[in-house]
Amino acid sequence: MIEYIRGELTELTPALATVEAAGVGYGLNISLTTYSACQGKKDIKLYVYEAIREDAHVLYGFYNKKEREMFQLLITVSGVGTNTARMMLSSMSVAELCNAISTGNAKLIQSIKGIGKMTAQRIIVDLRDKIVALGIADEIPAGGTIAAPIDNAVRDEAVAALTMLGFAPAPTQKVVVQILQEQPSLPVEQVVKLALKQIK
């Protein structure tokens with residue numbers, strides 16, 4: 001079993017990363033989340049999931065273990081294959097997926113291409129307890145409830161602005177989401193100003 005591949009990132013597209021390690025180029029299927037995390041990097045480490053089928057041996061690469069764990073959970077659900085799981089992780093972050101599952105937000109999960117009503121409900125029923133048990137849902141507040149939905153466009157713009165200022169994306173997103181949950185109507189510039197005071 002391959003746990004991870006560390007090496008030089010020789011090619012990167014939104015769906016595939018090629019990592020050269022010890023003279024071998026490994027093609028890894030990736031989500032848009034991992035694609036964003038890999039941009040601008042020369043040497044990377046990707047955690048691997050191997051899908052071994054009769055007709056192919058496919059590698060999936062993930063920027064962190066939590067994304068891989070979420071992927072592995074998603075493909076245990078009947079009706080969710082590797083491509084659907086990758087589409088889900090490209091459409092939402094692990095934290096957003098955990099929030100949707102823990103709060104039973106089937107409509108949000110259905111908004112992902114290829115996910116119907118029955119599959120969305122099955123994902124919630126099958127995974128609600130597992131995400132907590134495995135510790136993937138660290139970002140979920142105690143009790144599993146989440147505040148009013150936030151404006152994703154404002155969130156993304158604020159995170160992008162703060163990232164350009166040199167702050168790491170993960171802690172930045174956490175702070176921005178917290179601010180928007182408390183004050184959903186804030187414009188981008190106000191969110192950025194507040195975040196600048198809070199980011200450690």
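In this predicted model, helices H2 and H3 cross in a right-handed sense. Their axes approach within 9 Å, at an angle of roughly 135°. H2 and H3 are therefore oblique to each other, since the antiparallel class begins only over 145°. On the H2 side, the contact involves Glu67, Met70, Phe71 and Leu74. These residues meet Thr82, Ala85, Arg86, Met88 and Leu89 of H3.

Several of these residues recur in the largest nonpolar core, which has 29 members. Met70, Leu74, Met88, Leu89, Ile109 and Ile123 touch the most other members of this core. Strands E4 (43-52) and E5 (57-62) each supply at least two of its residues. So does each of the helices H2 (65-74), H3 (82-91), H4 (94-102), H5 (106-110) and H6 (117-133). In soluble globular proteins, nonpolar side chains tend to be buried together.

Leu89 illustrates the surroundings of one such core residue. Neighbours within four places in sequence are left aside here. Leu89 is then in contact with Glu67, Met70, Phe71 and Leu74, a set that H2 also presents to H3. Further contacts of Leu89 are Ser31, Thr33, Phe62, Val94 and Leu97.

A second core is separate from the one around Leu89 and comprises 16 residues. Val177, Ile179, Val188 and Ala195 are among them. Val188 and Ala195 also belong to the buried set of helix H9 (residues 188-198), together with Val191 and Val192. These four cover an arc of only 100° around the axis, which puts them on the same side of H9. The face turned away from this buried side carries Lys193 and Lys197, both exposed. Cover for the buried residues of H9 includes helices H7 (152-164) and H8 (169-182).

The packing of H7 on H9 was examined further. The axes of H7 and H9 lie 9 Å apart, at an angle of about 50°. That angle makes H7 oblique to H9. The crossing of H7 and H9 is right-handed. H7 contributes Val154, Glu157, Ala158, Ala161 and Leu162 to the contact. H9 contributes Val188, Val191, Val192, Ala195 and Leu196. The H9 contribution thus includes the four buried residues Val188, Val191, Val192 and Ala195.

Notes
Residues numbered from 1 in each chain as written. Predicted model: local features only at pLDDT ≥ 70, side-chain atom pairs only at ≥ 80, totals over all residues. Heavy atoms only, no water. Buried < 20%, exposed > 50% of the residue type's maximum accessible area, 1.4 Å probe, protein only. Arc of directions from axis to C-beta. Contact = heavy atoms within 4.5 Å. Core = buried A, V, L, I, M, F, W, Y, C linked by side-chain atoms within 4.5 Å. Axes fitted to C-alpha atoms, helices over the stretch in contact; angles between N-to-C directions. Parallel < 35°, antiparallel > 145°, perpendicular 65-115°, else oblique. Left-handed = near helix turned anticlockwise from the far one by under 90°.
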